[in-house]
Amino acid sequence: MVEALLDTLGLTKTVELLSLQPPGWGGNLLRGLANSLQIAFGAFGFGLLIGLGGAYGKLYGGPILRDLLTIYTTVIRAVPELVLILILYYVGTDLINQAASAMGYGRVEISGVAAGIWVLGVVQGAYATEVLRGAIQAIPSGQLEAARAFGMPPLMTLRRVTIPAMMGFATPGLANLWLIATKDTALLAIVGFSELTLETRQAAASTRAYFTFFLAAGALYLIVTLFSGVIFGRIEKWARRGQPSLREGNG
Amino acid sequence: MTAESRQPPAPAPAETAIIVENLHKSFGSLEVLRGVSLTARKGDVVAIIGGSGSGKSTMLRCINFLETPTSGRIVVNDEEIAIRPDGRPANRRQIERIRTRLGMVFQAFNLWTHRTLLENVIEVPVHVLKTPRTQAIARALALLDRVGLADKADTFPAFLSGGQQQRAAIARALAVDPTVMLFDEPTSALDPELVGEVLSVIRDLAAEGRTMLIVTHEMKFAREVADHVVYLHQGRIEEEGPPERVFGAPQSARLRQFLQTVG
């Protein structure tokens, strides 16, 4: 019944190609997607940590730290990401290998995932620094002053006041960063990391079914985006729970 | 020029809650406080009045080091705040501990907007003072009830009027069981019809013998609740004394003029 329908639509071949079992390539695509998501998660998280530190450094740090951070955010945001990935990937692996040989070890095999997270995380960190700096500055200063006046130590203020209070301002920017992270993983294909795009290219090249596979990959990226939109929508709603909605007016 | 030098000797040497000695504060080249001294005994209600720019808020904010004094001594509950040569607190833990004993109420309320009123009130007891959560909640509900907001415990501040927010802020300050309460112009940001509800809460606190320093523009209120009134002018104490004398028979020409302009 289903087969007959597929046959009339001329999709039998497509389904075979995308099948999860070999000789279908669907399993490869999903493995690539899993790798992509793993790197995107790691890079986004690493970028958030850098961003929080960077934002604090830019807002409260001394002049030297501020200058260093300005150089970091300016350079990273000025250079095309593809170039950055090549530089950071080869520089990073080269440094590790030099360190390893200096300590008397042989060449180290660097895991693709770790390298991907490091490279994209450094890029994400520069953008996250600016997103979080803006969000922290948008917090009414009285809320931080109240925390100080009641004897809250700095780290507790960060955890209990600054981060929750800035979430509403930061979420839209961070959602953008996350979506960029999911798609930037495709750039890692250039250093031979088998994420979704590279897997797709290999499947397409082996079967000559370029259209089928790139359409399938596009659909997978779209699903990730739609799903992310729902999640970030919830986070934003939660983060803005204390604020009256602009649409409904003040209750 | 401490408060005590001008007041009749107290029947018993009452304990002091706050001593401010020769406080100076400059912002750049602007000298806001030029040597202010003040003593508040336990149970005193001290009203600090003065024109805009007289340094009254700055003085209050120096007591808990929200502003760093340029020089001077501050003693809270017989404990002197240790300062480094540059005037900053020498010991962060000491200043944090002292701050938890000083319940501050701000002009702009400064409630945490991402937390409900109940969460605002239990925040410091639970996280800073490590009070058990259930105990803190029971106390917070009683305090919210006391300021007339029992039914708003689960509401976020942005959905309340200024008067309600300020009463919640007072409950938050009371929740730390403060030895001294600091009010920084608590009614200045309120619509006129909301001032009364906040003042009546503060009046009740005064009646139960709480030590309070109140920076205010409400002269009638100051006269009614204060034991001691301090008039600041251009960073100096121009005149101080019991409210009957400061308001009834002001000595200084500047104070007389000030009282005339504010009505």
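Take residues 18-259 of chain B: their end C-alpha atoms lie 27 Å apart, and the span is 38% helix and 26% strand. This is a predicted model, so keep that in mind as we go. An unreviewed UniProt entry places the feature "domain: ABC transporter" on those residues of chain B. Chain A has its own annotated stretch: the record, again an unreviewed entry, puts "domain: ABC transmembrane type-1" at residues 33-232. Here are the two spans side by side.

| Span | Helix | Strand | End C-alpha atoms |
|---|---|---|---|
| Chain B, residues 18-259 | 38% helix | 26% strand | 27 Å apart |
| Chain A, residues 33-232 | 84% helix | 0% strand | 20 Å apart |

Now for where the chains meet. How many residues does each chain bring to the contact? Chain B puts in 23 residues and chain A puts in 20 residues. On the chain B side, helix H3 (92-100) and helix H4 (117-128) each supply at least two of the residues that touch chain A. Sort that side of chain B by class and you get 12 nonpolar, 6 polar and 5 charged residues.

H3 of chain B is worth another look. Within this helix, B:Ile98, B:Arg99 and B:Thr100 are buried. What covers the buried residues of H3(B)? Part of the cover comes from the other chain, in the form of helix H7 (141-149) of chain A. Chain B itself adds strand S4 (71-76), strand S5 (79-80), strand S6 (102-105) and H4.

Over in chain A, there is a pair of helices to follow. Helix H3 (residues 26-60) and helix H4 (residues 63-78) of chain A have axes that come within 8 Å and cross at roughly 130°. H3(A) and H4(A) are therefore oblique to each other. The crossing of H3(A) past H4(A) is left-handed. Which residues meet there? From H3(A) come A:Gly54, A:Gly57 and A:Lys58, and they meet A:Leu65, A:Arg66 and A:Leu69 of H4(A). By class, that contact splits into 2 nonpolar, 2 polar and 2 charged residues.

Last stop is a loop in chain A. A:Glu109 sits between helix H5 (81-102) and helix H6 (112-138) of that chain. Is A:Glu109 buried or exposed? A:Glu109 counts as exposed because it has 8 C-beta neighbours inside 10 Å, and the cut-off for exposed is 12 or fewer. Compare its position with that of A:Val79: the two are 30 residues apart in sequence, and their C-alpha atoms are 27 Å apart in space.

Notes: Residues are numbered from 1 along each chain as its sequence is written. Chains are lettered from A and ligands numbered from 1 in the order in which they are written. This is a predicted model: local features need pLDDT of at least 70, side-chain atom pairs count only at pLDDT 80 or more; totals for chains, interfaces and linings use all residues. Two residues are in contact if their C-beta atoms, placed from the backbone, lie within 7 Å. Helices (H or I, at least four residues) and strands (E, at least two) are DSSP runs, numbered from the N terminus. Ala, Val, Leu, Ile, Met, Phe, Trp, Tyr, Cys and Pro count as nonpolar, Asp, Glu, Lys and Arg as charged, and the others, Gly among them, as polar. A residue is buried if 20 or more other C-beta atoms lie within 10 Å of its own, exposed if 12 or fewer, and partly exposed in between; C-beta atoms are placed from the backbone. UniProt positions are given in the numbering used here, feature names are shortened, and annotations may be inferred rather than shown by experiment. Axes are lines fitted to C-alpha atoms, for helices over the stretch in contact, and angles run from 0 to 180 degrees between N-to-C directions. Angles under 35 degrees count as roughly parallel, over 145 as roughly antiparallel, 65 to 115 as roughly perpendicular and the rest as oblique. A crossing is left-handed if the near helix is turned anticlockwise from the far one by less than a right angle, and right-handed if clockwise.
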